[in-house]
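Below are my notes on the model you sent, set out as numbered points. They deal with ring contacts and with one helix.

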Amino acid sequence: MADLHVHPDRLEIHLTRAEKVLSVRREDLVIPRESIRSVAITEDPWIWIRGIRAPGSVVPLTLSVGTWKFHGGKDFLLIKGKQRAAVVVDLDGEEFSRVIVSTPHAAKLVEALRVDVREIPADGEIID
């Protein structure tokens, strides 16, 4: 499971070695907070998937990891399991238009992203 770190100026998604291999990606995701347009929790992340996998890995309704390309750009998916909540992060002006991450701590992540940046310690807050 990826580690999520919320900092005053960015959201970091640290991928595990397996997630990097499955997503065909070498780097972790770093998302500037000013690029985040909206954040939502969904109980069914599978309905948010748009486009085709390119590159990435998929096991239908079980695992989707990697980049999905669609007519308007690219999304990054890190969805695991059928019964797990996920966070949908819509972005502006970044490599990806949307990032969808399944996590048992979805509510805590959304709350951390909505908190006034002055309340987050300089070394960030880890959402595990």
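**Notes on ring contacts and helix α2**

1. R25 lies over the face of F76, 5.8 Å from the ring centre. The coordinates are those of a predicted model, and the cut-off for a charge over a ring is 6 Å from NZ of Lys or CZ of Arg to the ring centre. A second arginine, R50, sits over the face of F70, with 3.9 Å to the ring centre.

2. How many aromatic pairs does the structure hold? There is one. F76 and F96 form this pair, with 5.5 Å centre to centre and 55° between the planes, and the geometry is tilted. Planes over 60 degrees apart would have counted as edge-to-face.

3. F76 belongs to strand β7 (residues 73-80), while F96 is in the loop between β8 (86-91) and β9 (98-102). The pair therefore ties together parts that are 20 residues apart in sequence.

4. Are the two rings' residues buried or exposed? F76 is buried, at a relative accessible area of 1%, and F96 is buried as well, at 4%. F76 thus has two entries in these notes: the pairing with F96 and the position of R25 over its face.

5. Helix α2 covers residues 106-114, and its buried residues include A106, L109, V110, A112 and L113. These residues span an arc of only 160° around the axis, so they are on the same side of α2.

6. Which residues are exposed on the other side of α2? They are A107, E111 and R114. Helix α2 thus has a buried side and, on the other side, exposed residues.

Technical notes
Residues numbered from 1 in each chain as written. Predicted model: local features only at pLDDT ≥ 70, side-chain atom pairs only at ≥ 80, totals over all residues. Heavy atoms only, no water. Phe/Tyr/Trp six-rings, centres within 6.5 Å; stacked < 30°, edge-to-face > 60°. Helix = DSSP H or I, 4+ residues; strand = E, 2+ residues; numbered from the N terminus. Buried < 20%, exposed > 50% of the residue type's maximum accessible area, 1.4 Å probe, protein only. Lys NZ or Arg CZ within 6 Å of the ring centre and 35° of its normal. Arc of directions from axis to C-beta.
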